[in-house]
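Work through the exercises below with the sequence and the model open beside you, and try each task before you read its solution.

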Amino acid sequence: MGIRFFQGQKIKYEHEFSQLREIVEILRKEYPREPVYLLTGVLVANGQIDCVILTKNGPLILDLKSFRGEITGVENGNWVAKTKDGPIPLPNLFLQAKIHRQDFIDRLIPVCREHFPHIGESNLRKTGSWLYFCRGSTYPDGQIDFRKVKWFRIVTADDLTQKMKFMDSGYTLRIQDMDAIVRGLGLEEYSFEDGAARVPAARKRKSPLISRTTLIILLIIFGLFTAGIFVVVTFPGAKVAAANALQGVISIVGGWMHTVMQETTKKSTTQEDSQQAIIYLNRFRIAEGALPIAFDSRAYSIALNRAEDMVEYKYLDYHNPTTGSSALALKHLHGFAENETLIETLYGQWTGYTPGIERQAIDAWMTDPGNRQRLFFAQVSGAIACVDGYCSYIGVRPALVVENATANITGNLTEG
């Protein structure tokens with residue numbers, strides 16, 4: 001059968017391609033006859049998954065780390081890679097793997113319900129989310145107990161396939177199931193060697209000179225104009241009345257046409273859209289016994305800036321991997337005081353900006369425990385902004401709320 005390759009986002013970094021090529025060579029030797037799908041650059045709610053391997057034993061998530069050395073880190077706190085050049089501080093990689101795993105499972109659940117309900121949603125919880133380091137890396141014992149956290153492992157090219165043999169998903173993933181997963185994620189098949197699309201894109205239809213909506217509007221205006229000329233010619237005394245009526249109708253149609261064109265070319269959330277989204281969010285908060293929050297124009301400004309930044313650099317994360325920009329870095333530039341705290345929540349979709357995306361983002365966050373917690377946590381104001389398919393929600397908490405609030409919130413909390 002061989003390996004088939006599917007991607008969401010194209011591979012951007014040389015070290016990622018190098019590690020993926022290493023994985024491909026390993027898989028080709030280990031699975032010469034079995035179907036294997038390799039998914040790369042998979043966007044999910046809270047970031048991008050580097051690699052997902054689909055075999056008959058189920059999905060396996062691999063987070064690629066281009067470090068070689070002794071890796072230390074547990075469930076809480078930051079991690080460190082002790083390399084020959086010295087220690088390199090890392091974020092909490094366990095939490096990162098856990099979030100990616102949950103986001104991926106959330107995306108699989110509707111696909112499972114529709115295409116392979118016999119597997120059962122509970123079995124999807126067995127999906128592994130592993131960290132893949134360079135050859136020669138080690139993870140000393142006495143840190144995370146893998147007997148209790150069965151979905152998490154730290155591997156290299158030396159032991160990847162050995163540990164994959166002991167994956168126990170409790171089900172068999174068929175080829176049609178793999179195809180359903182790929183379709184559900186909206187991925188494109190491509191050639192790993194040259195990055196070209198494996199299936200040629202359908203020939204694009206030539207766009208008409210004007211859209212159907214515009215054509216209808218023009219025909220209506222022409223019909224009204226013709227009717228007006230007929231009335232004026234036939235009834236000379238009705239010239240002034242007919243002209244005024246025709247001018248009024250043309251103004252109305254013109255305003256409608258302007259509104260339609262504005263909606264079809266809209267790329268981002270306006271303040272009014274954000275205010276309506278906060279009203280929508282408050283319905284959930286009130287229903288759960290939480291106090292409603294106010295719309296915050298400063299939060300809207302920073303959320304819009306964050307969404308624009310994600311569009312420009314093509315990422316979905318709380319920190320720009322290229323510039324390091326974050327809500328914390330922008331906080332003081334948008335009028336926030338030192339004693340105010342920001343909570344950010346992110347959402348992304350493949351279809352770009354669509355009317356109502358703000359509510360779609362809120363609905364998606366409500367189905368995820370971590371994101372839901374951030375929306376219901378103690379805060380007094382907030383705003384959401386989306387650009388293309390990237391959305392950022394910024395919740396605002398004053399110092400008094402921070403001091404009295406329960407600590408240990410899961411997610412991106414930017415302290416003042």
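## Exercise 1: Two helices side by side

In this predicted model, helix α8 (residues 271-287) and helix α11 (residues 357-366) have axes that come within 9 Å and cross at roughly 30°. Decide how α8 lies relative to α11, state the hand of their crossing, and list the residues of the two helices that meet.

*Solution.* Begin with the angle, which is roughly 30°. Angles under 35 degrees count as roughly parallel, and therefore α8 is roughly parallel to α11. The hand comes next, and the crossing of α8 and α11 is right-handed. Then look at the residues that meet: α8 brings D273, A277, Y280, L281, R283 and F284, while α11 brings E358, R359, I362, D363 and M366. Sorted by class, the contact of α8 with α11 has six nonpolar and five charged residues, with no polar ones.

## Exercise 2: A second helix pair

Find helix α2 (residues 93-115) and helix α5 (residues 175-185), whose axes are 10 Å apart and which pack at an angle of about 125°. Work out how α2 lies relative to α5, and describe their contact.

*Solution.* The angle is about 125°, which falls outside the ranges for roughly parallel, roughly antiparallel and roughly perpendicular, so that α2 is oblique to α5. The crossing of α2 and α5 is right-handed. On the α2 side the contact is made by F104, R107, L108, V111 and H115, and on the α5 side by D177, A180, I181, R183, G184 and L185. These residues of the contact of α2 with α5 divide into six nonpolar, two polar and three charged.

## Exercise 3: The largest nonpolar core

Which elements give two or more residues to the largest nonpolar core, and which residues does I181 contact beyond its neighbours within four places in sequence?

*Solution.* The largest nonpolar core has 26 residues, and L39, L54 and I181 are those with the most contacts inside it. Two or more residues come from each of β2 (36-44), β3 (47-55), α2 and α5, and the largest share, six residues, belongs to α2. Once its neighbours within four places in sequence are set aside, I181 is in contact with L54, L108, V111, F116 and L173. A second, separate core has 24 residues, among them I3, Y31, C51 and Y132.

## Exercise 4: A residue in a loop

Where is L333 found, and is L333 buried or exposed?

*Solution.* L333 is found in the loop between α10 (327-330) and β12 (341-348). Its relative accessible area is 69%, and L333 is therefore exposed. Finally, compare sequence with space: L333 and I302 are 31 residues apart in sequence, and their C-alpha atoms are 8.6 Å apart.

How values were computed: Residues numbered from 1 in each chain as written. Predicted model: local features only at pLDDT ≥ 70, side-chain atom pairs only at ≥ 80, totals over all residues. Heavy atoms only, no water. Axes fitted to C-alpha atoms, helices over the stretch in contact; angles between N-to-C directions. Helix = DSSP H or I, 4+ residues; strand = E, 2+ residues; numbered from the N terminus. Parallel < 35°, antiparallel > 145°, perpendicular 65-115°, else oblique. Left-handed = near helix turned anticlockwise from the far one by under 90°. Contact = heavy atoms within 4.5 Å. Nonpolar A, V, L, I, M, F, W, Y, C, P; charged D, E, K, R; others polar. Buried < 20%, exposed > 50% of the residue type's maximum accessible area, 1.4 Å probe, protein only. Core = buried A, V, L, I, M, F, W, Y, C linked by side-chain atoms within 4.5 Å.
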